[in-house]
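Please open the model in a viewer and keep the selection tool at hand. The tour below proceeds from whole chains to single residues.

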Amino acid sequence: MEQRNKKYVSMFVAITCSLVFLVMSVSTYKTGIISDIGPNSDPGKYKNCDIINRSDTIEGIFVDSKGNEITSYTTSGEPALSNYPESFSYLIGYNSSVLGLSGLRGNYCRELFEGENDKTGGTIHLTTNASIQERLYNLLEGSIGSINVVNANTGEIVALTSRGDPYVGYNVNLIDDVCEITENKEQRYFEYYNSIDGFWHNRSILAEDPPGSTAKMITAVSLVENGKGDMIYDDIGVELDGTVINYGGYAYGTVNLESALNNSINTYFARAGVELGNERLKRTFNNFMIGRDIELDFTTLKSSYSNSNQVSDYVLGSNAFGQGELIMSPLHIAMSIGAIMNEGTMMKPYLINQIVDDEKPVYTVTSELLSEATDATSANEVKRLLHSNAEYYGLYDYFSKYDCYIAAKTGTAEVSGNKGFHIYIALGVEINGVPYGICIDQANTQDVSSTLINKAIDTIDILLDELK
Amino acid sequence: MNNLKIMNSLKTMTNNIVDYYKETFTNYGSNLKQVKWKNFCYQVALNLLICLSYAVFCALKEGSGNLYMSVFIPIFLVNNLILLYASLNNSSYKFSTLIIFLLTTGTALKIFMMPSFEPSSVSEAQKNIITILFGILASISVTPLIKYCSMENNVGKKSVYLFLILTIVLYFFALIFGKEKYGTKAWVEIGPLEFQLTEVTKLLAIVISVFIIKCEQISENDKSILALVLLCIHTFFLFLLNELGTLCVIILTVFSFRVIFVEQKKYVIRETTYFFVLIIVSITLCYGVYRISTGNITLQETNNVQVELPNDSDETEENGLASLDSSESLINEIIDRIALIYPKIENRVIAFIDPENAPEKYVGQIERAEDALMFTTFFGTPSGLLSSVPEIASDFVFIYLLVRLGLVGASLVLVVLILMLAEVAVEYGNPSVDRGEYMMAFIFVSSIVIQALICSCSNIGLFPVVGLTFPFLGHGSTTLYVNLFMTIFIISFLQKNIVKEEVINGTTK
C-alpha cells in the first residue's frame, strides 16, 4: 500500500487519542473530583436526588432567621420533623419514602442528606421568620392564595406562605401516613392531596395568571420615566374602539395619573400604553424582569410579556392595565413594588442565608442586585402616587400613628376556565426605614380586590408587631 | 443476449463466492489443527477473569451476589465463541480480548439499567447475551462474503451502483413501512422481529465507501462524484427519518476515510466543499419549507426560544409525525418531514451553544446528565437509580458508565477502543496486507471509535446531543449486530497478516 498514506493513518490515530484524552479531562473536571474546580459545586443546583442514600443519614434541618428550628432532627432514615407542618410545607417540601423529595429538601438534598464528616446532614438557615410565616399562613384560611413579603433593601424573603385549598392544609409530616379524612382507609395523604386540583402548586411562585391592575404601577413608572407622568385623559368609560372598559362601566371624566391609579381606571392606562408604544412599555416591564426567567436559590421565577415586537393596540393597551399577554407570579408583584419602594433598585430575592455543616459554614449568601428597574426620581414619584392609593384605600388611617410609610395597589385579573378572578393587593411598607414589598393574592374567587384590604391591614399589623 | 450475459456473470460470481466459502471453511479445518491450545487456554482464562471480575464488582458494589450463574457464566461461554473464531482464523487474540472486555462491560451495565427497566434487570442482561450469541453466529456466516467483495478486483462498477440503489430502496422502505419510535422512523418490523434499518444503511454506506475507492473501472473524478452522491443520499434520508446521530457517524467516518485513503487530495477537498455548500443550501430550503408550512406562527424570540413546529409542536416532535394520517401520500409525508428538519436542527444547536434560550426538553436531560456526573468517583458509585437522567440506557449511557464504573472504568473502555484502532492501524506497515481488506477493517473500526467519541462528547457537553448510543454498551440489538459483524470481520482480517508475517520472517510453524 502507499506509504505516503501511512502518515494520515497515524494522524487519525493521534487525533482519536487526543479526543479520548479531552473527553476524560472534561469528564474529570465536570465531576468535581478535583475539589472546588468542578462546576457543579453550587449548593441547591443538584437535581439527582434519587441517587442520594437517605437510609443511613440523619436528615439535616432548617432554621429561620432568628435561629428557631423549622424542622427538627429525628433518626437515620426518618424524615426530619417539621415544627410548622403547614405554613412551611410548600417551601421545605416533603421527604416521602414513596414520592422522594420536593421543595427545598429536593433542591438541597446533598446538603441535607450528605454530612461532611458524619452521618448527619447540614443545617440550612433560611431568611424567613417562622413566627411571621405562621401568622400570615393563618390569615389564608378559607382561601386559595399566598402572602409574600420581601425585604426590598436586601432581597431577603421574610415570608412566603401559600395555600392550595381553602380548608385542607398541606401537612408534610403526614405525607406517607394513612389519611383519616376520607372514608377510604387505605388512602394515604399524598394520594388525598393529589386528588385536589392544583393542590401542589406553590401559589407564591405560580405564574399562570395576569397581575391585573397591580401592573398599572409599572405602567405608571413607564409614564413617569418617559416624561408623560403629567398625562391628562378625558375618560368616557371606553377606549380602543370599545374593547376596553372600566370596572362597573364608570366614566371618570378628566383624570390625571394619580386619579387613574386611585380609581384603577383601565381606559387611562390602555391609552397610556398606546401613547408610550410597545418599545418603551416593553422596556420598562423588562427592566422589572417581566418576560425574563429569574434564577433564584429555590426556583426559577417565570413571567411573560408579549414577545413579539409587533403588537396590536389592543394587546398593548391590555398589557398596560394588567391583562393581555402579561403573566407574573405574586412573588414577582411583591418584588416590583419593593423595587419602587427601594428607589428603583430591584434586589434578587433569596431564601437561603447560610448552610452550615459540622459547625462550619459551607455556603453563605450575599445580597445581589437583580435589576435597576427605574431611576430613583421616577420610583419616588410612583411611590408617592401609590402612597396616595393607600390613603384612598383607608390603609393610612390605620397606621398613621406608627412611623410606617405605606404604598398600595389592588388588582383583579380575569382568568380563563370559569375559575372566577385572581385578586391581588401589592403593598409597599417601610418599617424602621427598611422597605418591604408585599403581595397578597387570592385565586379562584368571585370577590373583588378591595376585599383584600382587611387582610392587608392584618398583614401590616403582624409585620409591625414582629419587626418593629 | 444481454440477459444471457447477466445470467452468466451472476452464475460466475455465485460460483466464485461458493468456492471462496469452501476455501474459508477448509482453512478453518486446517487452522484448527494448528491451534496452539496453550495460548487458547490462556485467553479463555483471561476471559474468565474479566467475567468474574465484573461478577465480584457487582456483588461488592451493587449488592447482587448471585449473578455468576445467571449472567457471567453465560457471557463467558458466549465470549469463548469469539476466541474460537479467532483460533479458526489463526488470528490475533489481542483484538478478540478487547472485544470480549467491551461485551462483558455492556452486559454488566445492563443489569442495573433504569428507569424503564425493572430494578434488577437480569433478564435484560440475559437478552443481551442471546443477542450477542446470534450476532456472532450470523456475522461468522456473512463475513466471508464481505471479505470476498473486499478483495482486489472483486468489485465492479455495477456492484457499486447496485449497493447505492439498494441503499435508496431500503430508505424508501423505512419511509413507507417504518414505525415511529423514540422520535425516529428508522424501525421496521418483519414478523416478530424489529430492527433499526438505519443501522443497516450505515453499514452499507461504510462498505460502499470502500468499494468506491477500490473499483478500478471508475475514474478518480467519477469516484469523487459517487462519494458525494453517497453522502447526499444518506444526508437526505437520514434527515427525513430524524436520525441525526447515524448521519454524524456516516459523514465523519466517510470523510476521515477518504482523507486518509484517496490518493489525490484535491478530490477530497472538492467534494468536502461541495457537500457543505449543499448542506447550507438544503438547510436554507428546509427553513423556507418550514416557514411556509407554519404559516402565521412566528418564531418566539428571546427568553426561551420555542421554535414552533407544524401541527402541535412538542407532541409532534416527540412522537415523530404520529399526528400524520397514515393514508397521506408519500410525497406529502416527505414535505412534512422536510418542514421539520430546520426546527429540529435549530433546537439542538441552540441547546448546545445557548442552553439558556433553548426549550427545556432539550436542555433538561443535559443538565441532569451533568448533575449525575457529580456522583462520579474514581472507581464507581454503588446502586441507586439514575432515574432523573433520561435515556440512560442509550443516548446517555456514557454518563451511566462514568457513574457506575468510575473514571477508571470509563477510561479503560475508551483506551480499549483506541487499542482496537491501533491493532488495525499498525497492519498498514505490513506489505502482505490486502489493500481492500485493510480499508474495510480500518473503516469498520473507525466507525466504532467515531460513534463512541460522538456519544461520549455529547454526554459531557462537548457536542450536541444527536441520539447516538455507545457501541457495545448501549441499548439496541441492531446496533449490536452491526458492531459484532464489523468486529468479526476485523478478527478474520487480522488472520492472514499473522500467517503471512510469520512466513516472511521465516518462522513458519
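**The two chains**

In chain A, 57% of the 468 residues are buried, where buried means under 20% relative accessible area, exposed over 50% and partly exposed in between, with a 1.4 Å probe and protein chains only. This is a predicted model, in which local features need pLDDT of at least 70 and side-chain atom pairs count only at pLDDT 80 or more, while totals for chains, interfaces and linings use all residues. Residues are numbered from 1 along each chain as its sequence is written, chains are lettered from A and ligands numbered from 1 in the order in which they are written, and side-chain values use heavy atoms, with hydrogens and water left out.

Colour chain A by secondary structure: 15 helices and 21 strands appear. Helices (H or I, at least four residues) and strands (E, at least two) are DSSP runs, numbered from the N terminus. Among the contacts of chain A between residues at least 6 apart in sequence, 65% join residues at least 24 apart; a contact means heavy atoms within 4.5 Å.

Turn next to chain B, which has 16 helices and three strands. Of its 509 residues, 57% count as buried. Residues 24 or more positions apart account for 74% of the contacts in chain B with a separation of 6 or more.

**The cores**

Which residues touch the most other members of the largest nonpolar core? Select Phe72(B), Phe261(B), Phe398(B), Tyr438(B), Phe442(B), Phe444(B) and Phe470(B), which hold that place in a core of 161 residues. A nonpolar core is a set of buried Ala, Val, Leu, Ile, Met, Phe, Trp, Tyr and Cys residues joined through side-chain atoms within 4.5 Å. Helix H14 (residues 397-425) of chain B gives the most to this core, with 19 residues. Apart from this core lies another, of 90 residues, among them Tyr192(A), Leu261(A), Ile340(A) and Met346(A).

Centre the view on Phe470(B). Residues up to four places away in sequence aside, Phe470(B) touches Ser394(B), Val397(B), Phe398(B), Val413(B), Leu414(B), Leu417(B), Ala452(B), Cys455(B) and Ser456(B).

**Helix pairs in chain B**

Keep H14(B) selected and add helix H15 (residues 435-459) of chain B; their axes come within 10 Å and cross at roughly 160 degrees. Axes are lines fitted to C-alpha atoms, for helices over the stretch in contact, and angles run from 0 to 180 degrees between N-to-C directions. H14(B) is therefore roughly antiparallel to H15(B), since angles under 35 degrees count as roughly parallel, over 145 as roughly antiparallel, 65 to 115 as roughly perpendicular and the rest as oblique. The crossing of H14(B) and H15(B) is left-handed; a crossing is left-handed if the near helix is turned anticlockwise from the far one by less than a right angle, and right-handed if clockwise. Residues that meet here include Phe398(B) and Leu417(B) in H14(B), and Tyr438(B), Phe442(B) and Ala452(B) in H15(B). By class, this contact of H14(B) with H15(B) has 16 nonpolar, three polar and no charged residues. Ala, Val, Leu, Ile, Met, Phe, Trp, Tyr, Cys and Pro count as nonpolar, Asp, Glu, Lys and Arg as charged, and the others, Gly among them, as polar.

Now select helix H7 (residues 197-214) and helix H9 (residues 244-261) of chain B, whose axes come within 10 Å and cross at roughly 15 degrees. H7(B) and H9(B) are therefore roughly parallel to each other, and their crossing is right-handed. Among the residues in contact are Glu199(B) and Lys202(B) in H7(B), and Arg258(B) and Phe261(B) in H9(B). The contact of H7(B) with H9(B) has 10 nonpolar, four polar and three charged residues.

**Two loop residues**

Where is Asn242(B)? Asn242(B) lies in the loop between helix H8 (220-240) and H9 of chain B. Asn242(B) is not a glycine, yet has a positive phi of about 65 degrees. At 13% relative accessibility, Asn242(B) counts as buried.

Finish at Glu343(A), in the loop between helix H12 (330-341) and strand E15 (345-347) of chain A. Its phi is also positive, near 60 degrees, in a residue other than glycine. At 47% relative accessibility, Glu343(A) counts as partly exposed.
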